[in-house]
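Student: I am new to this structure. Could you take me through it, and tell me how each label is earned?

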Amino acid sequence: MTTLSADIATKVSTEGSSLFAAISASLSNVAVAATEFVDTYYPALQSSRGKLSSFYIPSTTDTEGKTLPVLVFNGNVLSDPPAMRLMFEKEMPATTYEVQAFDCQVLNPNYSTAGPGPHPPDSGKNMSILISVSGWVRFGESKEAPIRGFSETFVLVPNLAAATAKAKGGVRNWLIQSQTFRLVT
Amino acid sequence: MLQRASAPPTGPRGRAGPRGNNSSTTAISRGGIRKRRSGTPRIDKDGDLDMDTPVEGMGGRGRGRGRGAQMGNQNGGNTIAGRGQPRNAPQGGFFGGASVQQAILRGMARGDARIRGPRAGLGATSALGETVDRRRERDAGLDQIRVRGLKESKAALNEDGGVRDLLAFLERKANGPDTKPGDAVRIKKSRSEGDSVIISVRPEDAPKFLRLNAFQFAHSILAIERHKGPPTRDDASQPFESAEALDTKQILAGFLSRRYSVEQKLLDLSNLGADQRLLGRGFFDQDSTASKLFPAMMKIADQLFTSSKEKREAVVSVVLSNNALKDISMVSSLAATFPDIKNLDLSNNKFVDMRSLDGWRWRFRNLEQLVLTDNPIETLTPTYKDEILRWYPTLRMLDGIQVRSDQELAALAANRALASAGKLPIPIRPASFLDQGQVGENFVKHFFPAYDLDRENLANSFYDARSTFSFSVNTSAPRALGGEGQKSLNWDAYIKGSRNLKKLSHLSARMARAHTGTEDIRSCWSTLPATRHPDLLSMGSKWMIECHGLPGLTDVTGQSATGVGGLIIVVHGEFDEVSVSTGITKRSFDRTFVLGPGAGVGGIRVVSDMLTLRAYGGYESFTPEDIDPSTTTGVTSVASKQPQIPEGLGEPTAGKSLEQVRKEQMVIEMSKRTGMTLEFSNMCLDEKAWDFDSAILAFQDVKVNRTSPLMR
């Protein structure tokens, strides 16, 4: 595990190895990233569905034929982010989401599928993130329509473009690699 | 003015005015209008009310009307502006106006049919026969109107001084020829006072009578005005409005009625600045009053209806063309008063871009037709059409051009119907369980019984020094429909450890409530109440478990810099919380596991374990919607989804082996989940060597796929 920058290290009350330190440090960083994600993703589902694709990693297929990102919506497997966007744009009625609870964890403090991570090793920005969201959703524009409980799990990974392209404002630092949605009431 | 008054009653008194009556050549100066406002004698008001004066800017209005015709035709004759007609066509004229107003006012008149004037059929005698108390009760809240000019009329020579004829004339003119008897406005009371006759009418009817000012009756010009004498109101709860406020209201109500077409269900608010009566009130003299005019008008319009349904049915189209609007700020209240209109004409204004219309982004959710022609936006913001399409999902026509196909709109309407029932156009499908070598299946089967019985050992079996666990409580989650979860839930046992980031903002608490390593996790689990999860096999329908592969996890051996692949499992289900003090509480949960290769049982480790607790939400939402019974072998109808279970099946009895009981339970569960008969469920399970999940998967493979084209 790489060494941590001083400012991250100060947040960590660790007496363990740098490994634990990395996990703990990311746990403090990760909440900020997850909050930002939840605060932007659900509003986008409501009012800027055309921008949905920007939340996802580019679609890829590996040698075994596995595609990423994996997108599951009530058991429907969507082929790629444009399919998700189209589903929301063309088929879904207006939706009102209310996030009532969410939690997150660092999945891999130094995520990388091809060589070193996009950010400097000690930036603490190379982590992948697991987020679970619990809330309700209402379909359609009538406020009288019933609300349905939902549960949704995301895996976010670092956005390569954010680090390499001298990220200008507005570029998301993390993108969706995996998404599983279910109505639960 | 005299000419106007003696015009045939069919003359479009109210409406023809602002449209231009070329025969009228005497322009009234605005000074005259102002005089009236400063309380000049009545005779001046007569002059004021001659609104047939040509007004500047009328040409613009005429142009606007011409344009609208094009779109009206495409809407099945329901013209947006009613502008298909020639400009000067009478359009029902004054009488049309009266009946229109009646339609607008119907809401207020409704239910008051019992209040009838002295000559209204049955009421003719009953009014006289009533007790004083009841009459007083009825007279409460009436408006008084002074009518002068009777003495100068030929009718004054009649026996009764012409009063009866005058009253009949007023009622006739106020109602117009088209009014149905039941809808007619009536004069409730009348009395003579000097040269005047004071009539009492319902407040909402007053404008109709006041409009008769300057009408000619038996060779005399009537002067009709609100009587500000001793009030007949005795309703203390209704404070008096100032005379000026009443007058303003009356003018606005009159304006609305003149601009409303009952046939077309259209409110024509175009070219407001050219309306002589509004001008006469000086509404446009100052920005401050001009900005209040429209909201005031909307408020009055709102009061004319008793329900939004009534409003929706009465006003389908609104025209706001020719108002020099730079943005919608002045008129934004239209959306609050008439949120359900289908046609909106904004042509010939000064809108430059989408921001000019911003406040209406989420309004008018039923809009089918919008006209924005002759606005700078056409050239300054060429993309406005795309944007408008996004704004208004039900829009069919934009600027007179069809922008959505009927098919598309029909599909949309169907989706909306689903949504109002809380359902989606995309069907609920069975679990997407994309396991890898049964890793996920084995883990889940092992995990939950062990979590119920022996958390201590479970932590050792799958968790290591880098595993993470945290839980959060959603204390206000929606509950199952009816029943079980209804008693208010106590979360005391959990709340201190809940890592709901929506509520928890302190870094230290966030850190403390994330648990890393076997010891930390085990110690956290030991604080959580005991649980009993339903059996995965026999009660599979109470679970929803999905999984798929996930790359890029930490390689704990440190061999692969690019990480290793694993599995993400998302579980939704329920459990009984078992507590000595509070007994059994049913709750629901969502739990996500990320598994990777490791040194735990079966060569795996838990990378992450994240638990959400919430009120019991049932499991109805897990039921797939796309099982088509008619096309699936051996499937009974969905209606009979609950199988008829023979007595004793699935229950342990003497001589029955435990394995047999288990199998019978699986058959029952299979039948419940798939809708197949018990026999077919038995066959299916037997074929899959009594592996429940395999049998379920096999069943799903047989099903006809009704996948959306967007699905893989």
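Student: What makes up the exposed area of chain B?
Tutor: Chain B exposes about 32200 Å², and carbon and sulfur atoms supply 53% of it. Such areas come from the Shrake-Rupley method with a 1.4 Å probe; for residues, only the protein chains shown count as cover. The model is predicted: local features need pLDDT of at least 70, side-chain atom pairs count only at pLDDT 80 or more, and totals for chains, interfaces and linings use all residues. Residues are numbered from 1 along each chain as its sequence is written, chains are lettered from A and ligands numbered from 1 in the order in which they are written, and side-chain values use heavy atoms, with hydrogens and water left out.

Student: And what does chain A expose?
Tutor: About 7100 Å², with 55% of it from carbon and sulfur atoms.

Student: How many residues of each chain are called buried, as a percentage?
Tutor: In chain B, 53% of the 712 residues are buried. In chain A, 56% of the 185 residues are. Buried means under 20% relative accessible area (exposed is over 50%, partly exposed in between; 1.4 Å probe, protein chains only).

Student: What counts as a helix or a strand here?
Tutor: Both are DSSP runs, numbered from the N terminus: helices are H or I with at least four residues, strands are E with at least two. By that rule chain B has 26 helices and 20 strands. Chain A has four helices and eight strands. From the N terminus, chain A runs α-α-β-β-β-β-α-β-β-β-α-β.

Student: How do you know which residues join the contact between the chains?
Tutor: Contact means heavy atoms within 4.5 Å. Chain B brings 75 residues and chain A 71 residues. Together the chains bury about 6100 Å², 58% of it on carbon and sulfur atoms. Buried area is the accessible area (1.4 Å probe) that two parts lose on being put together, summed over both.

Student: Why is the pair Arg499(B) and Asp103(A) called a salt bridge?
Tutor: The rule asks for a side-chain nitrogen of Lys or Arg within 4 Å of a carboxyl oxygen of Asp or Glu. The closest N and O atoms of Arg499(B) and Asp103(A) are 2.6 Å apart, so the pair qualifies. Across the interface of chain B and chain A, the rule finds two salt bridges.

Student: Which elements of chain B touch chain A?
Tutor: Those giving two or more residues include helix 18 (406-420), strand 14 (468-474) and strand 17 (544-553) of chain B. Strand 17 of chain B gives the most, with eight residues.
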